[in-house]
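Grab a viewer and work through these exercises with me. Try each task yourself before reading its solution.

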Amino acid sequence: MAPATTSIENPPFLFDSVHQVKAPRLLKALVRRVSSMVLTTLPPCSAVEPAKEPTRSREGRSMSAGYPKGRRRRAEIVEAAFAKFASVGYRNASMVQIAADCGVSRMGLAHHFPTKEALLAAVLEERDRVNGELFFAGFDATADGLDYFSRLARVVEYNATVPELVRLYAMLSVEAADPAHPAHAYFVNRYTNIRRDIRDALGELHARGLVRPGVSIAGAESDLMALLDGLQVQWLLDPASVDMGTRFRRRLSEMFLVEVP
């Protein structure tokens, strides 16, 4: 004979030989009783809410970014994208590569950033936020031009410690010369705003009589921007030979009657 199988419907004998016949019947009754009690505590299927798709904001960002875990993951993705864009450029970087670099799936990346354009915008937004907090919180170029140039000089010196950041902006600014590039408007606005601030700061210093005689400030904002961009490219190519902070401060000392702190 084949051995009897053990299951809820065919339980093993739990008592001695006198009760071998009654034990299975007692246990079956007990199982049915417990099952009915358990089932009455469970909600019907219609009462269980189905899993929801992640909610997104109008800008396309996952609303889970508002939670600590979501914010951490989002920051990791932005850092990975920053490194990838800085090393190979925006157009040569793929979302698959970025997802692999930060240890998430392609779908996991899309949960936070549905498009590469949205990810690029987040990278630029984060870098502007960090620089703003570090150097330009509460500044007013029209109120104190010397303070503005002091802050700008510190940015230039700081950039010498973050080659990846300088490389990112150098690469993107060239790529974004194409009007079809997703960062084109960003860089147009960026240069427009920086030139405006430099122009305002120069005007404030000129009004106080702190610009050296013979120095024309007309169009000088574009000259200073060209100097900064050129210094950055030269420094990327040969950092040991180019001191961006020193060269920029030297140029300012040639323009102003006072030393920039």
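Below are four exercises, each with a stepwise solution.

Some ground rules before you start: this is a predicted model, where local features need pLDDT of at least 70 and side-chain atom pairs count only at pLDDT 80 or more, while totals for chains, interfaces and linings use all residues. Residues are numbered from 1 along each chain as its sequence is written, and side-chain values use heavy atoms, with hydrogens and water left out.

**Exercise 1. Get the overall picture**

Task: work out which secondary structure elements the protein has, and what share of its residues is buried.

Solution.
- Step 1: take helices as DSSP runs of H or I with at least four residues and strands as runs of E with at least two, numbered from the N terminus.
- Step 2: count them, and you end up with ten helices and zero strands.
- Step 3: apply the burial rule, where buried is under 20% relative accessible area, exposed is over 50% and partly exposed is in between (1.4 Å probe, protein chains only). Of the 261 residues, 34% come out buried.
- Step 4: look at contacts, meaning heavy atoms within 4.5 Å. Among contacts with a separation of 6 or more, 63% are between residues 24 or more positions apart.

**Exercise 2. Describe two helix packings**

Task: characterise how helix 6 meets helix 8, then do the same for helix 5 and helix 7.

Solution.
- Step 1: fit axes to C-alpha atoms over the stretch in contact, with angles running from 0 to 180 degrees between N-to-C directions.
- Step 2: for helix 6 (residues 145–159) and helix 8 (residues 184–207), the axes come within 8 Å and cross at roughly 135°. That makes helix 6 oblique to helix 8; under 35 degrees would be roughly parallel, over 145 roughly antiparallel, 65 to 115 roughly perpendicular, and the rest is oblique.
- Step 3: list who touches whom. G145, L146, Y148, F149 and L152 of helix 6 meet a set in helix 8 that includes I194, I198 and L205. Sorted by class, this contact has nine nonpolar, one polar and two charged residues. (Ala, Val, Leu, Ile, Met, Phe, Trp, Tyr, Cys and Pro are nonpolar, Asp, Glu, Lys and Arg charged, and the others, Gly among them, polar.)
- Step 4: repeat for helix 5 (residues 116–136) and helix 7 (residues 163–175), which pack at about 130° with axes 12 Å apart. Helix 5 is therefore oblique to helix 7.
- Step 5: on the helix 5 side you'll find L120, V123, L124, R127 and D128, facing L165, L168, Y169 and L172 of helix 7. The split here is seven nonpolar, no polar and two charged.

**Exercise 3. Hunt for aromatic pairs**

Task: count the ring pairs and classify F85 with Y90 and F136 with F139.

Solution.
- Step 1: pair rings of Phe, Tyr and Trp (its six-membered ring) with centres within 6.5 Å; planes under 30 degrees apart are stacked, over 60 edge-to-face and the rest tilted.
- Step 2: that rule gives nine aromatic pairs.
- Step 3: F85 and Y90 have centres 5.4 Å apart and planes at 55°, so they are tilted. Both are buried.
- Step 4: F136 and F139 sit with centres 5.3 Å apart and planes at 65°, so call them edge-to-face. F139 is partly exposed at 25% relative accessible area.
- Step 5: follow the links, and F136, F139, Y148, F149 and F256 join into a cluster.

**Exercise 4. Zoom in on one loop residue**

Task: where is T142, and which residues does T142 touch?

Solution.
- Step 1: T142 is in the loop between helix 5 and helix 6.
- Step 2: its relative accessibility is 47%, so T142 counts as partly exposed.
- Step 3: leaving out residues up to four places away in sequence, T142 touches D200 and E204.
- Step 4: check a C-alpha distance too: T142 and R199 are 57 residues apart along the chain, with C-alpha atoms separated by 9.0 Å.
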